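Work through the exercises below with the model open. Try each task before you read its solution.

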Amino acid sequence: MTTASDDIGALRRDLDDAHARIAALERELAEARPLGSLGRMTVSIAHDFRNVMAAIAGQNQLLLEGVPADSPTRRRAEAIRKATGWGERLARELLAAGRPQPPEPAVADLNAVVLGLVRTLQPLLGEDIEVRTELEPKVGAVALGPAALEQIAMNLILNARDAMPSGGRVTVCTALAAHANGAGPEAPALLRVEDTGIGMDEATRERAFDPYFTTKAAGKGTGLGLSTVHDVVTRHGGHVEVASTPGRGATFTVTLPRARAAAGPTVLVVEEEAGVRELIVEILELHGFRALPASDHGEAERLSRAYGGPLALVIAAADPGTDAARRLDLLRRARPETRVLYLSSRLEDARTSRPGGPTLAKPFTVDALVRKVQEVLSEATG
Ligand SMILES: Nc1ncnc2c1ncn2[C@@H]1O[C@H](COP(=O)(O)OP(=O)(O)OP(=O)(O)O)[C@@H](O)[C@H]1O
Ligand SMILES: [Mg+2]
């Protein structure tokens with residue numbers, strides 16, 4: 001008999017193999033093309049940075065294994081896992097940028113990235129800070145990659161936290177910019193981060209985006225957060241501005257060009273077991289999907305509403321006839337275009353599809369999951 005941790009172990013080995021394959025390809029690519037000195041430096045920093053991330057992720061994995069599923073420490077350890085994932089992605093983008101050939105034009109689903117980030121950052125913000133999202137369903141894809149988008153939003157949200165030492169509220173909104181012809185397809189997207197913190201006087205506001213400008217204690221801030229945001233945003237053809245009054249909070253508004261191409265399909269993952277859920281998310285993201293993880297159907301409904309954008313697929317453990325299955329049906333009724341892939345831990349379901357739709361039996365391999373997802377989505381389009 002296999003246990004859940006055997007299954008997770010097997011999946012993790014698959015995933016490690018996939019990571020190893022990507023690393024090998026990156027090495028081949030790096031060797032195939034000579035780099036300039038700046039490129040070499042970028043690649044070597046990214047390389048060391050990724051090693052540090054791997055060390056943190058490895059230690060954290062050991063921590064996670066010793067912590068019961070319902071403990072608050074577990075949520076924190078999972079947030080660390082997610083954050084090291086961003087670090088690795090950033091390193092990967094740096095590795096790509098170090099190459100002489102320009103990278104593929106990047107796209108990301110703005111709302112999906114914002115939701116994922118907010119949910120992961122929440123435990124790091126403390127209980128005195130309320131986080132709200134107000135997302136415009138029509139914003140769709142923007143013309144920069146998820147790592148760059150996460151970098152921008154994370155810096156703005158962490159600055160908001162630092163500006164509210166005794167608590168407050170941070171609101172993250174997306175919207176379409178008002179355009180001469182209304183908010184049409186050409187209108188850029190807006191990402192706004194608003195806080196109820198200490199605010200800025202004019203002198204601070206004028207220098208806020210300067211590299212190394214900080215009002216934080218030595219060792220607390222480097223003053224590079226906003227200058228990085230500024231660089232990333234302008235490199236992608238956007239701009240960023242701030243409005244603030246001392247004592248009355250600050251509002252940062254980032255204007256981003258929208259992408260012509262659609263971002264990778266977004267998948268809602270409803271799975272109670274944190275280890276399995278995080279693995280599915282990791283596998284999906286490795287294959288160009290955007291994943292929204294939920295631990296139960298209530299959370300899935302809230303996420304689906306907040307996100308608003310198109311959901312290509314829901315992957316859910318929902319046995320027929322249960323409350324979970326009924327809630328899933330309700331969610332689908334609101335989204336007729338969304339496909340469902342059922343997760344099942346029962347062997348008999350592996351051979352037959354359920355009346356509700358295609359089924360994947362646990363435990364599954366990385367390849368089986370990817371194949372099934374692609375199969376279900378290709379049936380949807382053709
Ligand atoms: N939301 C905000 N409310 C009030 N002041 C802010 C806010 N965001 C930034 N600032 C001011 O701008 C300065 C520069 O911000 P920036 O993010 O570049 O650096 P930092 O936050 O000080 O350091 P780091 O980002 O490296 O931790 C901050 O020190 C602070 O004075
Ligand atoms: Mg900062």
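Four exercises follow, each with a worked solution.

This is a predicted model, in which local features need pLDDT of at least 70, side-chain atom pairs count only at pLDDT 80 or more, and totals for chains, interfaces and linings use all residues. Residues are numbered from 1 along each chain as its sequence is written, chains are lettered from A and ligands numbered from 1 in the order in which they are written, and side-chain values use heavy atoms, with hydrogens and water left out.

**Exercise 1. The ligand site**

Task: describe the surroundings of ligand 1.

Solution.
- Start with the shell, where a residue is near if one of its heavy atoms lies within 4 Å. Ligand 1 is surrounded by 20 residues. The closest are Thr 214, Thr 215, Lys 216, Thr 222 and Leu 226.
- Sort the shell by class. It has 9 nonpolar, 9 polar and 2 charged residues. Here Ala, Val, Leu, Ile, Met, Phe, Trp, Tyr, Cys and Pro count as nonpolar, Asp, Glu, Lys and Arg as charged, and the others, Gly among them, as polar.
- Look for short N and O distances. Asn 159 places a polar side-chain atom 2.8 Å from an oxygen atom of ligand 1. Asp 195 has a polar side-chain atom 2.8 Å from a nitrogen atom of the ligand. Leu 226 uses its backbone: an N or O atom there lies 2.8 Å from a ligand oxygen atom.
- Check the cover. On its own, ligand 1 has 590 Å² of accessible area (Shrake-Rupley method, 1.4 Å probe), and the protein covers 91% of it.
- Assign elements (DSSP runs: helices H or I, at least four residues; strands E, at least two; numbered from the N terminus). Those giving two or more residues to the shell are α5 (146-162), α7 (225-235) and β7 (250-256).

**Exercise 2. Salt bridges across the chain**

Task: which residue forms a salt bridge with Glu 282, and which parts does the pair tie together?

Solution.
- Apply the criterion: a side-chain nitrogen of Lys or Arg within 4 Å of a carboxyl oxygen of Asp or Glu. The structure holds 16 such salt bridges.
- Find the partner. Glu 282 pairs with Arg 81, and the closest N and O atoms are 3.1 Å apart.
- Place both residues. Glu 282 is in helix α8 (residues 274-286) and Arg 81 in helix α3 (residues 72-97), so the pair joins parts 201 residues apart in sequence.
- Read the accessibility (buried is under 20% relative accessible area, exposed over 50%, partly exposed in between; 1.4 Å probe, protein chains only). Glu 282 is partly exposed at 23%. Arg 81 is buried at 14%.

**Exercise 3. Two further pairs**

Task: are Arg 89 and Glu 150 buried or exposed? Then locate the pair of Lys 362 and Glu 271.

Solution.
- Arg 89 and Glu 150 meet in a salt bridge of 3.4 Å, N to O. Arg 89 lies in helix α3 and Glu 150 in helix α5, so parts 61 residues apart are tied together. Both residues are buried.
- Widen the view. Lys 82, Arg 89, Glu 150, Glu 285 and Arg 290 are linked in a salt-bridge network.
- Turn to Lys 362 and Glu 271, whose closest N and O atoms are 3.2 Å apart in a salt bridge. Lys 362 sits in the loop between β12 (359-361) and α12 (366-381), Glu 271 in the loop between β8 (266-270) and α8, 91 residues apart.
- Compare cover. Lys 362 is partly exposed at 22%. Glu 271 is buried at 4%.

**Exercise 4. A helix side chain**

Task: where is Ser 378 found?

Solution.
- Ser 378 is in helix α12.
- At 42% relative accessibility, Ser 378 is partly exposed.
- A polar atom of its side chain lies 3.0 Å from the backbone oxygen of Glu 375.

Methods:
A polar contact is a pair of N or O atoms within 3.5 Å; within protein, one must be able to donate a hydrogen and the other to accept it, and residues adjacent in sequence count only if both atoms are side-chain atoms.
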